[in-house]
Amino acid sequence: MKVLKFGGTSVANAENISKVIAILKQESKKQNIAVVVSALGGTTDMLIKAGELATQKNKDYINIFQQISERHQKTVQDLIKGQKKRTVLKQINIKLEALKQILQGIYLINEFSDKTKDKIVSFGELLSSYIISEALQQTLAKSALKDSRELILTDSAHTNANVKGKETTTNISNFFKKNKDKVVVLPGFVSRNGNGETTTLGRGGSDYTAALIAAAAKASVLEIWTDVSGMYTANPKLVKQAFSIEQISYQEAMELSHFGAKVLYPPTVQPALQKNIPIYIKNTFDPEAQGTLITKKPKSKNGPVKGISHIENIALLTLEGNGMIGVPGFSKRLFSALSRSEINVVLITQASSEHSICVGVYSQDSKTAKHMVDEEFAYEISLKKIKPLLVEDELAIVAVVGDNMKNHQGISGRMFRSLGQNNVNVRAIAQGASERNISAVIAHKDIKKALVTLHNRFFEKQIKTLNLFIVGVGNVGAILLNQIKQQQDYLRENLLLNIKVVGISNSKKMIFNNEGIELSSWGTLIKKGKPRTNDKFFKEVKSHNLSNSIFIDVTANEDVAKTYKDYLKESISVIACNKIACSSKFSDYQELKELSRKYNASFLFETNVGAGLPVIYTLNNLVNSGDKITSIQAVLSGSLNFIFNNFNEDNTFHDVVKQAQKEGYTEPDPRIDLSGVDVARKILILAREAGFEMDLKHIKNESFLPKDSLKAKSVVDFYKTLKTNASHFEALYASAKKNNCQLKYVAEFNNGKAKVSLKEVNKDHPFYNLEGKDNIVLFFTERYPEQPLIIKGAGAGAEVTASGLFADIITLGRK
């Protein structure tokens, strides 16, 4: 024989009950079955609410009673066929009338004792079991209904009665020995005392009923049917990658259930555990799913960690003081004070110094706990031997659970390292000597991030998810999004990187999607986005609180650059195409570097110099390996290189600049490129990365532009000056041609000094044959004193700049 228990969601309505009946018909072909059923989902709460309203003289109890009546009557109408429907409805109405009479009595005498409450709530299971039994008999003749109150005997502790084990076991055993029916339907939760009065078994009472029957009848298995396919590695509502655990031990199941897995309520299944009866957790709505087998010796296919669970709404209580050291009895008094107020302690941890002891309780109990503990230790507090109880609220507990963790080194190290890397601060730690459970107290806001992080660490094929928040989706930003879309599958398959774009912003609107924005339609979506400001975007990113979050700035906006420190302080990495932050005051640049180290958040800006070329990456490697930069020579403006490579006697300087702007090689305002300020910023960044303290004012800028071009008030006026000063630019070209040289805008750093200027470069110089929009950088170092380390390639253009940003993203993903 096997015992099946169906919960409230499984029997919530006629449609669901039909699924239950289909399962029973199939299972009964194999062996005899005892079926324990709960009340129709939500009925118990409605019954209690009706009783409470009645005792308050509130006639709204009648409305609730009417809802209960109509729901059960409709279930009968939908399930029962033919002439039998009238009979069943008559019996249901008799039971409902009895319920109504009790509610009216409560209303009249203003009494809703625990004894009366048991009478009221018992109707839920009594009604559902009768309806299910009658519906089952339509297709399975050899089935019957048995009132659990005739089998389960308890004391008179109403609403949470204690079972009289010997008598109950005898009753159940004798009944099933004589039973001839294939299926017996029993109401869960209900029982009776020695006087024949109805009692109930408290929280998880239907599970308890099923476990008692399984143990007494020596069932081969106890199946608990619910709305999920077993016990999961984590809460699937919070961790999408969570999956059902095939097999798990009793102890592991109890640990996970204690820490929030709602499938089981540990105390109620003890009778089955004591008899070593396997427990199966199955899904009523997916009966073919594997489910979870809970057994004494599970066959484990996974690693040492079986599951990750959590408890919400925790408060941490800390009792501390020098007066505790070496004095026995403090712990006893603390727990006695909490016990007197019936406060459940969820977690305990104590420093070996005996200076303090911490306990976790539910937040709802924290005020009472503080009052009781401070009262208990009022004398010691008055003498300042200990401090008043410290209460920290808005916390949660995450727990890693597994029987075999004790046999594997480094589990706790991996757990806490993963949490730390994702800015999840651990407030307290508890671990038993069995090492079956490692618990950590964290901020309530970090629950999802912690669960996702730990699940990824212990259960997934180490696929790392990067959550991107991109500001600036013009030319470069749009191309970056397209590159990410094209490469997502490849990166997931080959580099184990899952890249999600969670937030996108242009100058006016912003959109977010925790599961990742659909990159084929982001342009349409952002038109319907929310209004954005830098502050609103930051707050939205922060509120998402996702692990491995990366803020990507694809603008040239100073105000956006000023927000980097806010992101870094939240352990959100920053990737910047924007050069302003790294070329601002040295103290600001240094602060960003320090924040990056302090909060374990990367700050990458490879595209600040050379677009997609690995200029800064190479420089960092030289410095980090102990080399010293002595000199840098570079052509760092792809825009200016394009302009001077295309400027000759066949065209005007004005027209070449226009062409460069049209093809996207210059900024919309070409003065930024032609003034030399952009190049000065780049050599400044390289000098700083080489370890030199410099500011932009220290860079000598020898501009080749005429004074009226530099003073132009608008882009239109600037272009006019290029025409009026055409002879100036022609003279520059003529001089270079005469000397068999090429014009190159060169950045130089030597002996702690830097300058940018237009130079005539001869044929023997590496810069001479630099074509198109290419950049070139020459690093002279102590290891490369004569023949420099050379980096050369395209240094401008949206495609290569976007690929440089993409390279920074991948670099972060592989850290």
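In the next few minutes I will go through one pocket, one helix and a handful of single residues in this structure.

Before anything else, please keep in mind that this is a predicted model.

Let me begin with the second largest pocket, which holds about 1200 Å³ of space. Its lining is made up of 45 residues, and those lying nearest its centre are Asn422, Thr453, Thr465, Ser547 and Asn548. Two or more lining residues come from each of the helices α13 (411-421), α14 (447-458) and α17 (534-544), and likewise from each of the strands β18 (464-471), β19 (497-505) and β22 (549-553). The largest share of that lining belongs to α14, which gives six residues. If we sort the lining of this pocket by class, we find 21 polar, 14 charged and 10 nonpolar residues.

From the pocket I move to helix α21, which spans residues 615-624 and in which Val615, Ile616, Thr618, Leu619 and Leu622 are buried. Why can we place these residues on the same side of α21? Because the arc that they cover around the axis is only 160°. As for what covers the buried residues of α21, the list includes the strands β25 (629-635), β29 (774-781) and β30 (789-794), together with the helix α25 (677-689). Following α21 we come to Gly626, whose phi is positive, near 100°.

Next come three buried residues, each in its own setting.

Lys2 sits in strand β1, residues 2-6, and, since its relative accessibility is 7%, Lys2 counts as buried. Which side chain does the side chain of Lys2 meet in a polar contact of 2.8 Å? The partner is Glu27, which also appears among the residues that Lys2 touches beyond four places in sequence, a set that otherwise consists of Gln31, Asn32, Ile33, Ala34, Ala219, Ser220, Val221 and Glu223.

Ala210 lies in helix α7, residues 205-216, and is buried because its relative accessibility is 0%, where the limit for that class is under 20%. Setting aside its neighbours within four places in sequence, Ala210 is in contact with Val3, Lys5, Val36 and Leu222. I would also point to Pro187, which is 23 residues from Ala210 along the chain, with 9.6 Å between the two C-alpha atoms.

Ser596 belongs to helix α20, residues 586-598, and with a relative accessible area of 15% Ser596 is buried as well. Apart from neighbours within four places in sequence, the contacts of Ser596 are with Leu568, Ala601, Ser602 and Phe603.

I will finish with two backbone angles, and here a general remark helps. Most residues other than glycine have a negative phi.

Asn276, which is not a glycine, has a positive phi near 55°. Asn276 is located in the loop between α9 (270-274) and β10 (279-283), and, at 41% relative accessibility, Asn276 counts as partly exposed.

Lys384, also a residue other than glycine, has a positive phi of about 60°. The loop that holds Lys384 runs between α12 (378-382) and β15 (390-401). Is Lys384 buried or exposed? At 74% relative accessibility, Lys384 counts as exposed.

Key:
Residues numbered from 1 in each chain as written. Predicted model: local features only at pLDDT ≥ 70, side-chain atom pairs only at ≥ 80, totals over all residues. Heavy atoms only, no water. 1 Å grid on protein atoms, 1.4 Å probe; cavity = no way out; pocket = protein on both sides within 12 Å on 5 of 7 lines; lining within 4 Å. Points joined across faces, edges and corners; volume = space filled by probe spheres on them. Helix = DSSP H or I, 4+ residues; strand = E, 2+ residues; numbered from the N terminus. Nonpolar A, V, L, I, M, F, W, Y, C, P; charged D, E, K, R; others polar. Buried < 20%, exposed > 50% of the residue type's maximum accessible area, 1.4 Å probe, protein only. Polar contact = N/O pair within 3.5 Å; in protein donor to acceptor, adjacent residues only side chain to side chain. Contact = heavy atoms within 4.5 Å. Arc of directions from axis to C-beta.
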